[in-house]
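Hi,

Here is the structure I said I would pass on. Have a look through it first, and then read my notes below.

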Amino acid sequence: MTDLGSNKTPRAKPERNSEAIAGFSSKILDKRTANWAELAIQLAEIEQLNQKTLPLSSNNVIEMKEDNVVTALLYDARGIVVGFSWADVDETQKTAYVTTTMIKPKHQGKGLIGPLMEKLESGLRKCGCIFLSRDALKANGYADSIERHYGSRILEKHDFVSPYGEQRHFRILLDEDTPSNTSNKSDANRDQPSNKITPDRERAFIKGDIAAIHAGNAKIDERKMDALLGVTGYLDDINLVGSDVAIKHKGERWPYQGTDYEMIRNLLRTLKPEKGQVFYDLGSGHGRIPLYGALITEAKFVGIELVRERVEACNKAKEKLGLPNVEFRAGNVLDQDISDGDVFYLFSPFTPKTAAGTVTKLKRVASNKHIKIVCLGPIEQLFEKQEWLRSAGKVRGFGTATIFESV
Ligand SMILES: C[S@@+](CC[C@H](N)C(=O)[O-])C[C@H]1O[C@@H](n2cnc3c(N)ncnc32)[C@H](O)[C@@H]1O
């Protein structure tokens, strides 16, 4: 992501009217009539000039040609492109992901980013987009500026570490009722009922988006999926090193890495957990599997996680999604009652001692009922040795997980 924004101190209130800044104008790129060769030269120059602050991004012009990309261009008085912002529109046409925003350094700090984004947003609304997703650097104040600009339209935000430095992710409502838009409405239109997105409607949209992603075969964008589910952790173990959490859980393996969504999709398609079944994620981290699973199936999902802060974040996501069939428990897997489980998932989280204790616990559960155990990573080797289990297939994502079942 190269959403650079302005490097100068952000203004308290970004401009709202696109044509208000003399000498500059913005337009949605018309792919049918674009002079791609000329555009490539102009965009490369903007990138080169910004190179001091970030690595060159991929070839923007190639991306801009894609059917699902909407681009806004900022022109100076001579008709030269001096800035651009483009967004990917997802397959359900409801969410746009602002991927790259850049302005020539000499024009930064003039308040041009507001009008540029406003133009982009109007183009996205015309495509039927309802949500805008974007990341912004924190260090140059851009994230704060975005926060002030969108105000109550921000549905969700969280910080994460990126190769460009610390960033803030925002999920924003692409509402028609912003001051700049309402100013053009006739009185008659103003009396129409508001098209505000209620929490119930937002949930329905998210469920629709995830159902479409689950049913399809397109590559899943990990960050997009985290944003939809409200999964907040990304690389939070970096922040936890040396913290109270690290001290408290000394002797256990607390670092987090989420299972990739390709794997989760394939796993849920293979196992098809049903109503009445209980699916445990042992060491559930930031809850990707329980949240996705509970949203897409009627089975009950339980996540057990050592780090309380992660469980609290998962509970917020659960509440926001309104999911009755998911439960998150804070604690050590060894201390929890898991006897009602039918499926158990482990992504190599445990120390050898905890892993051995978990095998004993699962063996006890399997003495009363048929269970399945799914392992991703080296912990698989421990389960392969168990004579009370047999291999029941593989599931592929970035890596390969093994399914075992009790005999
Ligand atoms: C590699 S992450 C996997 C997260 C999640 N299962 C996934 O696949 O997306 C492992 C998680 O297990 C947790 N963990 C490690 N030991 C644990 C224990 N004894 N009890 C509960 N959770 C534990 C860690 O804190 C970490 O969040």
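Let me start with one pair of residues: Thr71 has Trp86 in β4 as its bridge partner. Before going further, please keep in mind that this is a predicted model.

**Around β3**

That pair belongs to a longer match, since β3 and strand β4 (residues 81-89) run antiparallel and are joined by 7 bridges. The two strands form a hairpin with 5 residues between them, and in this hairpin Gly79 has a positive phi near 85°. β3 also pairs with strand β2 (residues 25-28), again in the antiparallel sense, over 4 bridges. If you want a place to find that pairing on screen, go to Ser26, which stands opposite Leu74 in β3.

So how many residues of β3 are buried? The count is 7 of the 7 in the strand (residues 69-75), so β3 is largely enclosed by the rest of the structure. In a regular strand, side chains alternate between the two faces of the sheet. Here Val69, Thr71, Leu73 and Tyr75 point one way, while Val70, Ala72 and Leu74 point the other way, and all of them are buried.

**The ligand**

Next, the ligand, which is surrounded by 26 residues. The closest are Arg253, Thr259, Gly283, Glu305 and Arg310. Sorted by class, this shell has 12 nonpolar, 9 polar and 5 charged residues.

Which atoms of the ligand come up against Thr259, Trp254 and Asn332? For Thr259, an N or O atom of the side chain is 2.4 Å from a ligand oxygen. Trp254 uses its backbone instead, with an N or O atom 3.1 Å from an oxygen atom of the ligand. With Asn332 the ligand atom is a nitrogen, 3.0 Å from an N or O atom in the side chain. On its own the ligand has 600 Å² of accessible area, and the protein covers 98% of that. Two elements give two or more residues to the shell, namely β10 (300-305) and β12 (343-347).

While you are at β10, take a look at Val302, which is found in that strand. Val302 counts as buried, at 0% relative accessibility. Its C-alpha atom is 4.8 Å from that of Glu327, although the two residues are 25 apart along the chain.

**Salt bridges**

Side chains of opposite charge can pair when their charged atoms come close. The structure holds 21 salt bridges, and I picked out a few for you.

One joins Asp30 and Arg32, at 3.1 Å from N to O. Asp30 is partly exposed, with a relative accessible area of 28%, whereas Arg32 counts as exposed at 74%.

Another links the side chains of Asp159 and Arg168, at 2.7 Å from N to O. Is each partner buried, or partly exposed? Asp159 is partly exposed at 34% relative accessibility, but Arg168 is buried at 13%.

Then there is Arg288 with Asp226, where the closest N and O atoms are 3.0 Å apart. Arg288 sits in helix α12 (residues 288-296) and Asp226 in helix α8 (residues 222-229), so this pair ties together parts that are 62 residues apart in sequence. Both Arg288 and Asp226 are buried. Elsewhere, salt bridges with shared partners connect Lys138, Asp144, Glu147, Lys157, Asp159, Glu166 and Arg168 in one network.

**Two more stops**

Ser133 is in strand β6 (residues 131-137) and is buried, with a relative accessible area of 3%. The side chain of Ser133 makes a polar contact of 3.4 Å with that of His169.

Finally, helix α11 (residues 261-271): 8 of its 11 residues are buried, so α11 is largely enclosed by the rest of the structure. The buried ones are Tyr261, Glu262, Met263, Ile264, Arg265, Leu267, Leu268 and Leu271. Right after α11 comes Lys272, with a positive phi near 45°.

Happy browsing, and write back with any questions.

Cheers

Note on methods:
Residues are numbered from 1 along each chain as its sequence is written. This is a predicted model: local features need pLDDT of at least 70, side-chain atom pairs count only at pLDDT 80 or more; totals for chains, interfaces and linings use all residues. Side-chain values use heavy atoms; hydrogens and water are left out. A residue is near a molecule or strand if one of its heavy atoms lies within 4 Å of it. A polar contact is a pair of N or O atoms within 3.5 Å; within protein, one must be able to donate a hydrogen and the other to accept it, and residues adjacent in sequence count only if both atoms are side-chain atoms. Accessible areas come from the Shrake-Rupley method with a 1.4 Å probe; for residues, only the protein chains shown count as cover. Ala, Val, Leu, Ile, Met, Phe, Trp, Tyr, Cys and Pro count as nonpolar, Asp, Glu, Lys and Arg as charged, and the others, Gly among them, as polar. Buried means under 20% relative accessible area, exposed over 50%, partly exposed in between (1.4 Å probe, protein chains only). Two strands pair if DSSP finds at least two bridges between them. A salt bridge is a side-chain nitrogen of Lys or Arg within 4 Å of a carboxyl oxygen of Asp or Glu.
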